[in-house]
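Subject: Structure handover and notes on the sheet

Dear colleague,

Please find the sequence and the structure below. My notes on the strands, on one residue and on the helices follow directly after.

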Amino acid sequence: MLRGETDEGACFTLFPLMAEGEAVGVVEVCSDQPPGAATLRLVSSILRIYRNFHGLLDYSERDMLTGLLNRKTFDEAFLKIIHAPPPAVAAGDERRQALTATRHWLGVVDIDYFKSVNDRFGHLIGDEVLLLVARVLRHTFRYQDRLYRFGGEEFVVLLRCGSEADAAGAFERLRQNLENFAFPQVGRVTASIGFTEVQPGDAPSAAFERADQAVYHAKQHGRNQVCGYDDLVRRGLLRRGPRVGDVELF
C-alpha cells in the first residue's frame, strides 16, 4: 500500500492488485482525507475476494502439475492475440512504433529422451523435471508471453517480437538455459525446439503443425537445437504445402 497527495490536495492510496503471486496492476483510491482503518479493511477485503475469484478462474485454465496454461485455453488465446488491435502510440515515438510492427511466433518445445528419464528414474523424478522445465520457461520469457503445457513432455510458447532473428534468439536462449540447468537426480536435460511465424488469418492447428514439423526436423538431426519452420523451407529442407481450410498439407 502507498499513500500520497495530488496537486489539488486530495489524498490517494494505492493498493497492489495481485495474481499468481505477482503484482499485475494497482487500484487507486482517491478521497478527501486519508482513509481510516475501516475503509482500508473494506478495500483489502474486496481485493482478497478478487484474488480468490481470479484464482478459481485461473485454476481451470492451468495445468495441474506445472501451473502453466493448459491446452484447452490455447485456441481461444491464439485467436485473441493475433486479432488484437495494435496498441496506441504517441506520434514520433520510434520505440513504440516498432512495438506496433511486431509479429507473433509460436514455438513447440519437446524434451529430448524424456521417456528414458521416466524409465530410469521413475515418474516422480519425471514430474520434477517437468516442473523445473516450466520454471526455466517462466524465467526465460516475459510475463506477457503465453506459456502452455500441451501434455507429456511438450510445451508451447506464444510470443511477440519484431523479427525472425529475435524469435530465434529467444528460443535459443531457452535451449541454452535448459542445457545449463542442473536438474537434481537427472543432471542434464535438453530440448528440441521448433517455431513458426503466426500468419494473418492463421488457424491454431495450422501454426502448431508447422512448428511441430520444425521440432521433428530438429529431433531427426541431432536434437538439442532450435529450428525455424520458415528457415527450413527457405533452405529446401522442408516443403511448404498447399493449405486446405485449416489443414496444411505437406
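Strands E6 and E7 form a hairpin in which two residues lie between them, and in the turn Gly-152 has a positive phi of about 60°. Please bear in mind throughout that this is a predicted model. The two arms of the hairpin, E6 (residues 146-151) and E7, pair in the antiparallel sense over five bridges, and within this pairing Arg-149 has Phe-155 of E7 as its bridge partner.

On E7 there is a second pairing to report, since strand E5 (residues 103-111) also pairs with E7 in the antiparallel sense, over eight bridges. Phe-155 of E7 appears here again, as the bridge partner of Val-109. E7 itself (residues 154-161) is mostly covered, with seven of its eight residues buried.

These strands belong to an open sheet of six, which has mixed pairing and the order E4-E6-E7-E5-E8-E9. Strand E4 (69-70) and strand E9 (226-228) stand at the edges, and because each has a single partner strand, one side of each is left without a neighbour in the sheet.

Turning to E8, I found that E5 and E8 pair in the antiparallel sense over seven bridges, and that in E8 the bridge partner of Val-109 is Ile-193. Val-109 therefore deserves a look from both sides, but the residue I would examine with most care is Ile-193, which lies in strand E8 (residues 191-197). Ile-193 is buried, with a relative accessible area of 0%. Its C-alpha atom and that of Asp-110 are separated by 6.3 Å, although the two residues are 83 residues apart along the chain. Once its neighbours within four places in sequence are set aside, Ile-193 is in contact with Val-108, Val-109, Phe-171, Leu-174, Arg-175, Val-215, Ala-218, Gln-225, Val-226 and Cys-227.

As for the helices, H6 (residues 164-180) lies across E5, E7, E8 and E9, and runs at about 165° to E8. Helix H7 (residues 204-220) packs on the sheet as well, where it touches E5, E6, E7, E8 and E9, and its direction makes about 145° with that of E8.

With best wishes

Definitions and conventions. Residues are numbered from 1 along each chain as its sequence is written. This is a predicted model: local features need pLDDT of at least 70, side-chain atom pairs count only at pLDDT 80 or more; totals for chains, interfaces and linings use all residues. Side-chain values use heavy atoms; hydrogens and water are left out. Buried means under 20% relative accessible area, exposed over 50%, partly exposed in between (1.4 Å probe, protein chains only). Helices (H or I, at least four residues) and strands (E, at least two) are DSSP runs, numbered from the N terminus. Two strands pair if DSSP finds at least two bridges between them. Contact means heavy atoms within 4.5 Å. Axes are lines fitted to C-alpha atoms, for helices over the stretch in contact, and angles run from 0 to 180 degrees between N-to-C directions.
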